[in-house]
Amino acid sequence: MIDVGDTLPDMELTAPDGAIVKLSDYHGKKLVLFFYPKASTPGCTTESKDFSALLPQFEKAGAAVLGMSADSGKRQQNFIKKQELTVDIASDESTEFLEKIGVWAEKKMYGKTYMGIIRSTFLLGEDGKVVQAWPKVKVKGHAEEVLAAVQAA
């Protein structure tokens, strides 16, 4: 998994409306990049709503927020609409980007093994380098913790 000091690859990702999103689109400001396993599941909904609720404070601190999963654009659109999310969302259905940065990995649940996203968050500096990393995130209080780190950076 990527870590502090690393630069993420600038691959083309897809916004829910089909537009192309690149991390370089955010250069010049701090970027909170959070990865969630699956849109519209309880933990992912809570996390995305928490980041959305705090978005004005992130923006005041000079940071954009981008959430990402491997879900389809249609699923992401439904998620955004149903939950009234205000953060930017992108998809990597191919999982190529997710694999390159190390958040797509083997997981186990109820005795079954499968590939999926490790819930994690990265704070990128204005130059695109990782300033802080939160691997294996616990949702409760996470958005507030990240906001504090952005405000301190």
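How many residues lie between S8 and S9 in their hairpin, and which turn residue has a positive phi? Five residues separate the two strands, and the turn residue is Gly 128, with a phi of about 90°. The model behind these values is predicted.

**The hairpin**

Strand S8 covers residues 120-124 and strand S9 covers residues 130-134. The two run antiparallel, joined by four bridges. Within this pairing, Thr 121 faces Trp 134 of S9. Gly 128 has a second role: this turn residue also helps line the largest cavity.

**The whole chain**

The protein chain contains nine strands and five helices. Read from the N terminus, their order is β-β-β-α-α-β-α-β-α-β-β-β-β-α. The radius of gyration is 14 Å, close to the 15 Å from the globule rule for 153 residues, so the chain is as compact as a globular protein of that length. Along the principal axes, the C-alpha atoms fill a box of roughly 40 × 30 × 30 Å. Of the 153 residues, 47% are buried.

**Salt bridges**

The count is two salt bridges. Side chains of opposite charge can pair when their charged atoms come close.

One pair is Arg 119 with Glu 47, whose closest N and O atoms are 2.7 Å apart. Arg 119 sits in the loop between strand S7 (112-117) and S8, while Glu 47 belongs to helix H1 (residues 42-53), so this pair ties together parts that are 72 residues apart in sequence. Both partners, Arg 119 and Glu 47, are buried.

The other pair is Arg 75 with Asp 71, with a closest N to O distance of 3.3 Å. Are its partners buried or exposed? Arg 75 is partly exposed, because its relative accessible area is 31%. Asp 71 has a relative accessible area of 8%, which is under the 20% cut-off, so Asp 71 is buried.

**Pockets and cavity**

The table sets out the volumes and the classes of lining residues.

| Space | Volume | Nonpolar residues | Polar residues | Charged residues |
|---|---|---|---|---|
| Largest pocket | about 210 Å³ | seven | two | three |
| Second largest pocket | about 160 Å³ | three | no | four |
| Largest cavity | about 40 Å³ | four | three | one |

Which strand gives the most to the lining of the largest pocket? Strand S7 does, with four residues. S6 (104-109) and S7 each supply at least two lining residues. The full lining is Pro 37, Lys 38, Thr 41, Ala 70, Asp 71, Trp 104, Lys 107, Met 109, Tyr 114, Met 115, Gly 116 and Ile 117. Asp 71 therefore appears here as well as in the salt bridge with Arg 75.

The second largest pocket is lined by Pro 37, Lys 107, Ile 118, Arg 119, Lys 136, Val 137 and Lys 138. Pro 37 and Lys 107 line both this pocket and the largest one. Arg 119, the salt-bridge partner of Glu 47, is also part of the lining of the second largest pocket.

The structure holds one cavity of 30 Å³ or more. Its lining consists of Leu 23, Tyr 26, His 27, Lys 29, Leu 31, Leu 124, Gly 125 and Gly 128. Leu 124 is a link back to the hairpin, since S8 spans residues 120-124.

Key. Residues are numbered from 1 along each chain as its sequence is written. This is a predicted model: local features need pLDDT of at least 70, side-chain atom pairs count only at pLDDT 80 or more; totals for chains, interfaces and linings use all residues. Side-chain values use heavy atoms; hydrogens and water are left out. Two strands pair if DSSP finds at least two bridges between them. A salt bridge is a side-chain nitrogen of Lys or Arg within 4 Å of a carboxyl oxygen of Asp or Glu. Buried means under 20% relative accessible area, exposed over 50%, partly exposed in between (1.4 Å probe, protein chains only). On a 1 Å grid over the protein atoms alone, a cavity is a set of points where a 1.4 Å probe fits but cannot get out, and a pocket is an open set with protein on both sides within 12 Å along at least five of seven lines; lining residues have an atom within 4 Å of a point. Grid points are joined across faces, edges and corners, and a volume is the space filled by probe spheres set on the points. Ala, Val, Leu, Ile, Met, Phe, Trp, Tyr, Cys and Pro count as nonpolar, Asp, Glu, Lys and Arg as charged, and the others, Gly among them, as polar. The radius of gyration is taken over C-alpha atoms; the globule rule is 2.2 Å times the number of residues to the power 0.38.
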